Protein chains: 4
Amino acid sequence: SRFEYVKQYERIDRLLPETYIVIRIDGKGFHKFTKKHEFEKPNDLRCLSLMNAAARVVMSEFTDIVLAYGDSDEYSFIWSKSTELYERRENKLVSHVCSLFTSAFVFNWPRYFDMPLLSLPSFDGRAVLYPNISVLRDYLNWRQVDCHINNLYNTTFWALIQKGGLTNTKAEEYLKGTVSSQKHEILFSQFHINYNNELEIYKKGSIWVREPEENESAPSKHEKYSTKQKRKMGLRLLHVSIIDNQFWDSRPYLNILLN
Amino acid sequence: SRFEYVKQYERIDRLLPETYIVIRIDGKGFHKFTKKHEFEKPNDLRCLSLMNAAARVVMSEFTDIVLAYGDSDEYSFIWSKSTELYERRENKLVSHVCSLFTSAFVFNWPRYFDMPLLSLPSFDGRAVLYPNISVLRDYLNWRQVDCHINNLYNTTFWALIQKGGLTNTKAEEYLKGTVSSQKHEILFSQFHINYNNELEIYKKGSIWVREPEENESAPSKHEKYSTKQKRKMGLRLLHVSIIDNQFWDSRPYLNILLN
Amino acid sequence: SRFEYVKQYERIDRLLPETYIVIRIDGKGFHKFTKKHEFEKPNDLRCLSLMNAAARVVMSEFTDIVLAYGDSDEYSFIWSKSTELYERRENKLVSHVCSLFTSAFVFNWPRYFDMPLLSLPSFDGRAVLYPNISVLRDYLNWRQVDCHINNLYNTTFWALIQKGGLTNTKAEEYLKGTVSSQKHEILFSQFHINYNNELEIYKKGSIWVREPEENESAPSKHEKYSTKQKRKMGLRLLHVSIIDNQFWDSRPYLNILLN
Amino acid sequence: SRFEYVKQYERIDRLLPETYIVIRIDGKGFHKFTKKHEFEKPNDLRCLSLMNAAARVVMSEFTDIVLAYGDSDEYSFIWSKSTELYERRENKLVSHVCSLFTSAFVFNWPRYFDMPLLSLPSFDGRAVLYPNISVLRDYLNWRQVDCHINNLYNTTFWALIQKGGLTNTKAEEYLKGTVSSQKHEILFSQFHINYNNELEIYKKGSIWVREPEENESAPSKHEKYSTKQKRKMGLRLLHVSIIDNQFWDSRPYLNILLN
Ligand SMILES: Nc1nc2c(ncn2[C@H]2C[C@H](O)[C@@H](COP(=O)(O)OP(=O)(O)OP(=O)(O)O)O2)c(=O)[nH]1
Ligand SMILES: Nc1nc2c(ncn2[C@H]2C[C@H](O)[C@@H](COP(=O)(O)OP(=O)(O)OP(=O)(O)O)O2)c(=O)[nH]1
Ligand SMILES: Nc1nc2c(ncn2[C@H]2C[C@H](O)[C@@H](COP(=O)(O)OP(=O)(O)OP(=O)(O)O)O2)c(=O)[nH]1
Ligand SMILES: Nc1nc2c(ncn2[C@H]2C[C@H](O)[C@@H](COP(=O)(O)OP(=O)(O)OP(=O)(O)O)O2)c(=O)[nH]1
Ligand SMILES: O=P(O)(O)OP(=O)(O)OP(=O)(O)O
Ligand SMILES: O=P(O)(O)OP(=O)(O)OP(=O)(O)O
Ligand SMILES: O=P(O)(O)OP(=O)(O)OP(=O)(O)O
Ligand SMILES: O=P(O)(O)OP(=O)(O)OP(=O)(O)O
Ligand SMILES: [Mg+2]
Ligand SMILES: [Mg+2]
Ligand SMILES: [Mg+2]
Ligand SMILES: [Mg+2]
Ligand SMILES: [Mg+2]
Ligand SMILES: [Mg+2]
Ligand SMILES: [Mg+2]
Ligand SMILES: [Mg+2]
Ligand SMILES: [Mg+2]
Ligand SMILES: [Mg+2]
Ligand SMILES: [Mg+2]
Ligand SMILES: [Mg+2]
């Protein structure tokens, strides 16, 4: 039609080639959403499990996602730097990932919660580019350190309230300016909680990685796994340090997948 | 933490101010999705109603959306050119709209379909900028003309198959090169279908508009409706020509909302 | 060659259609450059004339530039919103304008200055988009008001130094916090300078406009001037208010050129 | 002033950090420009020398440029991936490089040409990002191979015309479809020209590299040269293969500068 010219106003948003794409989604207003649905504090295992289930759906759909890291109301999906899905169009990648995650979250809600949905959950999404593996790893480190910091704070905060009988305000004041070791100390001396014994999923967050089958021979250097091979790979959920070299050294195939 | 520097790799994606933002979402692989869920052909009223319900949720959430147009597996949301939501960040706007629409679609599915979801629906999204009202109207005209062309084709195509007993291939061949009037003629002479009597929702698609309350006095020139006023406005669903001046002339407040 | 793939790393940087493009260039480090070449303070007519000559070259080269505004070490070029030069590629437009301006500046230097160039002048450039005529006019107003504010300040500042015998620091202190009327007063009472009698080129800056020939009939509404007609138009240099409606009302053809 | 809000329409165009920036400039309409100024064919040494002189000025100004490659009417400037000049703003970098190059070209023209400038030379510029050293090297390879291909073609083409007496059209036809070895053969058998004996500057183009002083100790791993050290480095002009590993292996400090 004579109106078709308006299509040309669309901007071409191809992301720089050979660069790692990270798509991070984060729950909108989950402060309110978690309250309304009476989430356990500071961590609700049902929610974390639902988040992980939704992330699994996304990983299964997009074979060019190599691994994913999630905690709280967020999830980061790390793409192979050579992905050409949607010609690397930013809007397409971000919106589709975010939409599929949301779809899986809502659909699977009843499998994890008895309470029905009282309001609609939604997520925002963004793409960030990282040009080399070193800064990509720092990205993942950033998220995992953030998880740790928040969790230590929240664990102590809610212990002070739930077990110590403090008000929110008092607990906040109490923790103001305390460093990591002091929070450990508060937990231990006042509430007999050894933070190190807290669940790993709380302390480390969740990592989805693809895993080649045992008998699968890795492609030789400079070669890649085929899409078919990637589809056949298993998906494993971990709650370990992604900061330690150990994580990467013991999974050399990750570098092949990321390239 | 010392990893926080990676945050600086995020690109600032503020959309040009004082320019109409259109966010269009479109079902991913709905060719397959509609088959799997045995949608009626060429139009499934349940799906159109569900799409409209999901669009309503989006309109309710974002008061800076003035109107929305949908047909088939897509919906376009037209924002006030002066919106400053999320500082006009493209990724935020696109992903949140797309996610909320998906959330509402999945959540409300059982209200419209007896069959449970057999696969997860998802949508892609994009933002397009239009610098003036004239080209913005051409955008809407484009979508509505597209709806009309597709619907006339599909209606004739499926009549040939369902009532005329043709195979898909035969029907396609039969229609190749035919113009609009010839399709009308085929429908009428062979199947006694007067295309003009088809449901308006099929022929025109769906339009959500905000509507001021009867007694609401419009703001005087250069003034705007307050967010409170916008939230109190009703939402009306229409299946009319958005191309005719009549649509715009009878709703002068739309220009105030769009500005 | 097998290396050609690297070409695909170029980003497509088409500017939004039907939107006014402003390209502003500004002298790099002219604080130092003007000192080294002993420019007269606060305004050196030779430099302003050279800037205007260079801008004229740019206007002559690009017929889709409708008007240009310059003062101090900067110049803004206002393009027709429908220009399709270089497919509206930002890098191309900015770099070519900036390069041609620089070329003309260096080439014509000896026509305006006796002193040879002691260091190489250069300019930075940028493109800014304005979606409607009202904000485009505000852009021009912004530059002209800026010219006025700076010129009034500089005129008073240098009078205090050159005629009042103050040091730079003293003059700065003296002017701190003074408003416009106080500067007028200082000039008048202390130095018998009526600011209103200063040269218009200092107070208003410089405007290049295209001008149709007397007997040229303007194209009727919705029509445009042909490239040939634009090339035949004269170029006129003005030092008047671009803020007053009078400027625009007396040149209705500007709107045709800008569209 | 109340017009200052228009400043906010400027887009933030920061280039991705830790990524190699290449700025390539190219003469506008040099086909015509070289004709008008009666350049020697196919290579005019005066022009190449002038281009190299202008590139030297750019290298001297911006210490974060590590090396530059030029041939014909173009020059590519390769920046350290960690440069933070102008906060990596694309418009700033491209326009300033392009403007300074132009300035130097015009200013130095009389040092290389007897004929005065009959028209104004200008250049366009663009920025391209490369995420790793391998693709960056492929970029440089691409330009040098391009130089070789064009030069072999042009040398044969102009031999056929100037020495063989063919018309332009005939020469073009004659060369259609010939491969590299055939052009070598034509040159040798018909004109006794051994292509390998042509000037290296024609065959390889020109490379500017920074060079540490002899006694300068390279910074140890992960360390960088200081700006002061970079400013003290010499600039050397080469006409060698940039494709061979030899170029890079014999200059390990280049990697330090590029990082
Ligand atoms: N009780 C509880 N709250 C949680 C859990 N996971 C996340 N949350 C809450 C804590 C925070 O208030 C919120 C996540 O923080 P955000 O910075 O993402 O803020 P929020 O989602 O409210 O706003 P946003 O739309 O992302 O800007 O979600 C959980 O397992 N249990
Ligand atoms: N039977 C039936 N099919 C519908 C209805 N609405 C949409 N569809 C189907 C027809 C098309 O195959 C498809 C929409 O076309 P698209 O161009 O959006 O293609 P699709 O979603 O398959 O791929 P995409 O991921 O958007 O590229 O959805 C409906 O009401 N009934
Ligand atoms: N004496 C004298 N100075 C002038 C004249 N025109 C411009 N200038 C000087 C005054 C300012 O120091 C400078 C222009 O200010 P800018 O803000 O553009 O700063 P500058 O070019 O130094 O730095 P930049 O590279 O643009 O950030 O040029 C003139 O006619 N006479
Ligand atoms: N005779 C002669 N011509 C040269 C020399 N160096 C470059 N040229 C000419 C040959 C080409 O026509 C032209 C460079 O080709 P380009 O692809 O850059 O085209 P041109 O600059 O004409 O157009 P453009 O504005 O870059 O699209 O410059 C030289 O040393 N001698
Ligand atoms: O959402 P936050 O608070 O974790 O921080 P952010 O993601 O950097 O902020 P924004 O969502 O506004 O980009
Ligand atoms: O999705 P289509 O087929 O309607 O066409 P498009 O939206 O222009 O294509 P794309 O989704 O690839 O932008
Ligand atoms: O150059 P200035 O100081 O007039 O201000 P600006 O142009 O807004 O700053 P920048 O050149 O850094 O964009
Ligand atoms: O300028 P050319 O012909 O070498 O090729 P290009 O640079 O890829 O084309 P453009 O200047 O249009 O980007
Ligand atoms: Mg956030
Ligand atoms: Mg959140
Ligand atoms: Mg969060
Ligand atoms: Mg599509
Ligand atoms: Mg679809
Ligand atoms: Mg569709
Ligand atoms: Mg500036
Ligand atoms: Mg300046
Ligand atoms: Mg300035
Ligand atoms: Mg080119
Ligand atoms: Mg050229
Ligand atoms: Mg060239």
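**Ligands, an interface and a salt bridge**

An N or O atom in the side chain of D:Asp73 sits 2.9 Å from an oxygen atom of ligand 4. The model is predicted, and this distance, like the others below, should be read with that in mind.

Stay with ligand 4. Two backbone contacts add to the one from D:Asp73. A polar backbone atom of D:Gly27 lies 2.9 Å from an oxygen atom of the ligand. At D:Glu40, a backbone N or O atom lies 3.0 Å from a nitrogen atom of ligand 4. How much of ligand 4 does the protein cover? On its own, ligand 4 has 630 Å² of accessible area, and the protein covers 66% of it.

Now widen the view to the shell. Ligand 4 is surrounded by 15 residues. D:Asp26, D:Gly29, D:Phe30, D:Asp44 and D:Asp73 are the closest. D:Asp73 thus appears twice: among the closest residues, and as a side-chain partner of a ligand oxygen. By class, the shell holds six charged, six polar and three nonpolar residues. Which elements of chain D supply it? Strand E1 (20-27) and helix H1 (30-36) each give at least two residues. H1(D) gives the most, with three.

Move to chain C and ligand 3. Here, too, 15 residues stand around the ligand. The nearest are C:Asp26, C:Gly29, C:Phe30, C:Asp44 and C:Asp73. Two of these make polar approaches to ligand oxygen. C:Asp26 uses its side chain, with a polar atom 2.8 Å from an oxygen atom of ligand 3. C:Gly29 uses its backbone, with an N or O atom 2.7 Å from an oxygen atom of ligand 3. C:Pro42 also contributes through its backbone, where an N or O atom lies 3.2 Å from a nitrogen atom of the ligand. Ligand 3 taken alone exposes 630 Å², and the protein buries 67% of that.

The make-up of this shell can be read by element and by class. E1 and H1 of chain C each supply at least two residues. H1(C) gives the most, with three residues. Three residues of the shell are nonpolar, six are polar and six are charged.

Between E1 and H1 of chain C runs a loop, and C:Lys28 is in it. What does the side chain of C:Lys28 meet in a salt bridge? Its partner is the side chain of C:Asp124, at 3.6 Å from N to O. C:Asp124 belongs to strand E4 (residues 123-130). The two residues are 96 apart in the chain, and the pair links distant parts of it. Over all chains, the count comes to 60 salt bridges.

Finally, look at where chain A meets chain C. Each chain brings seven residues to the contact. The area buried between them is about 650 Å². Carbon and sulfur atoms give 61% of that area. On the chain A side, which residues lose the most area to chain C? They are A:Tyr9, A:Ile12 and A:Pro17, which together make up 61% of what that side buries. By class, the chain A side has four nonpolar, one polar and two charged residues. No salt bridges are found across this interface. The count of residue pairs in polar contact is also zero, with both residues required to be at pLDDT 80 or more.

Definitions and conventions. Residues are numbered from 1 along each chain as its sequence is written. Chains are lettered from A and ligands numbered from 1 in the order in which they are written. This is a predicted model: local features need pLDDT of at least 70, side-chain atom pairs count only at pLDDT 80 or more; totals for chains, interfaces and linings use all residues. Side-chain values use heavy atoms; hydrogens and water are left out. A residue is near a molecule or strand if one of its heavy atoms lies within 4 Å of it. A polar contact is a pair of N or O atoms within 3.5 Å; within protein, one must be able to donate a hydrogen and the other to accept it, and residues adjacent in sequence count only if both atoms are side-chain atoms. Accessible areas come from the Shrake-Rupley method with a 1.4 Å probe; for residues, only the protein chains shown count as cover. Helices (H or I, at least four residues) and strands (E, at least two) are DSSP runs, numbered from the N terminus. Ala, Val, Leu, Ile, Met, Phe, Trp, Tyr, Cys and Pro count as nonpolar, Asp, Glu, Lys and Arg as charged, and the others, Gly among them, as polar. Contact means heavy atoms within 4.5 Å. Buried area is the accessible area (1.4 Å probe) that two parts lose on being put together, summed over both. A salt bridge is a side-chain nitrogen of Lys or Arg within 4 Å of a carboxyl oxygen of Asp or Glu.
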